Amino acid sequence: MAKETLSFQAEVQQILDLMIHSLYSHKEIFLRELISNGSDALDKLRFEAKTNSQWKLSDEESSIRLTPNSDKKTLTIEDNGIGMNREEVQKNIGTIAHSGTKAFLENAQKIKENPELIGQFGVGFYSAFMVADKITLHTQRAGSSEGVLWESTGNGEYTISDVPRAGGHGTTITLHLKEFAAEEEVQDFTQEWVLKGLVKKYSDFIEYPIRMQVTRQEPVRDEEGKVKDNEYQDVIDDQILNSRKALWLQNPKEIKEDEYNQFYKDICHDWTDPLKTIHFRAEGMQEFSALMFIPSQKPFDFNSQEHKWGLSLYVKRVFIMDNAEELLPTYFRFIKGIVDSSDLSLNVSREILQQDRQVSAIRKALTSKILSYLKDELKDNREAYEKFWKTFGATLKEGIPGDHSNKEKIEKLCLFRSTKQDGFTTIEEYISRMPETQKEIYFLTGDHIDQLKNSPYIEAIEEKGYEVILLTDAVDEWVMGVFSDQDGKKLKSVTANDLELDSEEEKKAKEDKLKEDEKKYEKLTSMMQKALETNVSTVKLSSRLKSAPVCFVAGEQEMSARMERMMEAMGQKVPVSKRTLEINPDHPVIEKMMQIPESEQETWAEILYNQALLNEGSPIKDPVRFSQKLTQLMSKN
Ligand code: ADP
């Protein structure tokens with residue numbers, strides 16, 4: 001058929017106009033789109049060669065080739081894939097075929113106003129008009145001997161003619177690159193290093209080799225083979241620009257640990273080997289592969305606002321975006337790696353990720369996979385798990401208040417320090433050590449382990465032979481507030497005012513003694529209550545204390561002192577809470593207090609109040625006054 005000049009469908013022209021005038025800043029994505037088209041064409045050829053015995057696949061290597069020409073300002077992208085016949089070219093490149101372009105058109109006005117939206121839609125082949133003012137496409141369908149030459153400047157029309165293609169089946173796309181003003185900061189797509197960088201970024205894991213002839217300088221040698229000083233010659237190498245190693249698509253059984261480690265270092269930019277590698281493929285409703293890593297150390301900026309996290313998202317080997325936070329819950333923000341989905345479109349954007357149902361299904365599947373992986377590690381690989389826990393346990397724990405559906409699983413993954421164990425214990429292990437008389441699981445939160453171990457709150461509990469879990473992470477206040485009952489046993493802070501420490505007889509005996517003591521100390525307690533009334537709600541006798549004369553206790557609904565401090569540190573307004581002060585009637589200080597004049601008792605009360613603050617790890621409001629009072633008291637004796 002002769003050369004024809006045809007008009008683009010109106011909608012296509014609309015898209016082309018948007019492309020031609022686009023101010024989109026990542027024009028480079030055109031290369032990703034064209035390389036992906038080439039890769040698809042090679043896939044289709046491979047598939048047809050298998051199912052169609054009419055023609056044979058040539059022995060030639062399946063590949064994609066880039067040829068830049070900086071003199072002519074052209075870039076050619078070529079594949080030896082399935083190619084297209086005349087009707088296919090007209091249908092695929094002249095009309096609106098696929099849903100992505102329809103959505104694009106529906107949003108044309110928005111895109112005009114905000115060019116960055118182009119990245120959200122991407123329109124495959126047409127995106128090349130962002131960088132080219134003329135495009136030639138020369139293609140030949142496999143099994144046919146007729147080539148098709150298509151050409152357009154994107155201005156309403158295109159020409160199409162029959163021209164055999166020297167290389168046989170495949171497609172050659174030549175972009176006549178636009179001249180951009182320097183301030184537009186568009187890269188020069190005829191530069192080898194620019195193309196190498198873009199292939200590495202977007203298309204490194206494309207299955208087929210992406211080839212380019214690369215000029216390299218080599219020192220010139222004389223007849224005897226000696227290198228001449230300062231003389232170089234150009235040597236042309238045919239290079240493969242992509243690594244092609246989409247490790248995540250290989251069978252885990254065939255991958256060596258070294259390969260995983262190297263891959264991790266390459267893609268996650270870490271110097272050290274990962275602590276753990278989690279690799280799996282999901283089939284069924286959602287098809288995707290994931291290759292995830294737990295780093296062996298915290299990234300230096302892990303606790304800062306700037307810390308970027310999330311997996312890298314690929315769609316069929318093509319890089320889509322880094323730091324896709326939507327793929328994991330925040331308590332897994334230490335996990336690095338990639339997810340490759342076959343179901344998502346190349347054009348997914350962050351905005352789409354946030355609402356996409358497939359994405360939330362992937363996230364759910366990833367979460368449950370990681371949790372069950374950690375469960376196995378805890379069981380089978382305790383030492384490594386403890387190393388992991390020390391580094392990222394505080395982050396994982398956030399899932400207990402944060403992820404209702406996985407809360408109980410995460411609770412079982414927690415490791416704790418305790419009064420009976422030098423190392424770590426799980427809640428199940430704690431329960432297995434509980435004496436029969438013990439009804440509750442006890443814990444104490446604070447800033448340092450040593451401080452907690454010496455806390456007056458745990459003396460009576462330890463004396464019973466009961467174990468106390470010691471917690472020092474900031475998040476523990478939130479975590480323990482919602483921790484589920486375990487094996488029918490409540491988790492109880494040792495500062496609670498209603499500990500169930502004693503048997504019925506013991507309780508009875510203690511109550512009787514308290515009643516007696518109450519009479520004896522009635523005057524003292526009411527005097528103390530009066531002296532401390534601005535800060536304390538009640539002063540009462542305690543049966544829990546041993547070596548300390550006083551302590552604070554908290555009611556079930558009250559915020560712990562540490563929680564109050566943390567809320568304050570975060571700039572939250574915390575209502576002043578008055579708490580209960582318990583005094584130890586068997587302590588010599590309290591007995592002595594009964595014998596001194598009332599005027600002195602007030603000073604003692606103030607000092608004891610401040611000691612109670614220190615005992616629970618709270619700062620005292622006026623340390624100078626406290627130390628003066630103490631000095632006065634000491635000089636008296
Ligand atoms: P998409 O790739 O998302 O379908 P494009 O606009 O990039 O959208 O391409 C439209 C169609 O043109 C493709 O679906 C394919 O059928 C055809 N096509 C594009 N590039 C090639 C190529 N290099 N070889 C064969 N067919 C191609």
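**Strands and domains: a short tour**

Hi everyone, let's start with one pair: T139 has T171 in β7 as its bridge partner. T139's neighbourhood is a good way in, as strand β4 (residues 132-140) pairs with β7 in the antiparallel sense over 8 bridges. Strands here are DSSP runs of E with at least two residues, numbered from the N terminus, and two strands pair if DSSP finds at least two bridges between them.

Before going on, a word on the model: it is predicted, so local features need pLDDT of at least 70 and side-chain atom pairs count only at pLDDT 80 or more, while totals for chains, interfaces and linings use all residues. Residues are numbered from 1 along each chain as its sequence is written, and side-chain values use heavy atoms, with hydrogens and water left out.

Back to β7. Strand β3 (residues 74-79) also runs antiparallel to β7, joined by 6 bridges, and E78 stands opposite T172 in β7. Is β7 (residues 170-177) largely enclosed or open? Of its 8 residues, 7 are buried (under 20% relative accessible area, 1.4 Å probe, protein chains only), so the strand is largely enclosed by the rest of the structure.

Now to another sheet. This open sheet has 5 strands in the order β10-β11-β14-β12-β13, with mixed pairing. β10 (276-282) and β13 (318-324) stand at the edges with a single partner strand each, so one side of each has no neighbour in the sheet. β10 pairs with β11 (residues 288-294) in the antiparallel sense over 7 bridges, and A282 has F288 in β11 as its bridge partner.

Finally, the domains: the assignment, automatic or from a database, gives domain 1 (4-240), domain 2 (247-379) and domain 3 (504-636). The C-alpha centres of domain 2 and domain 3 lie 52 Å apart. Thanks for listening!

Notes: Helix = DSSP H or I, 4+ residues; strand = E, 2+ residues; numbered from the N terminus. Buried < 20%, exposed > 50% of the residue type's maximum accessible area, 1.4 Å probe, protein only.
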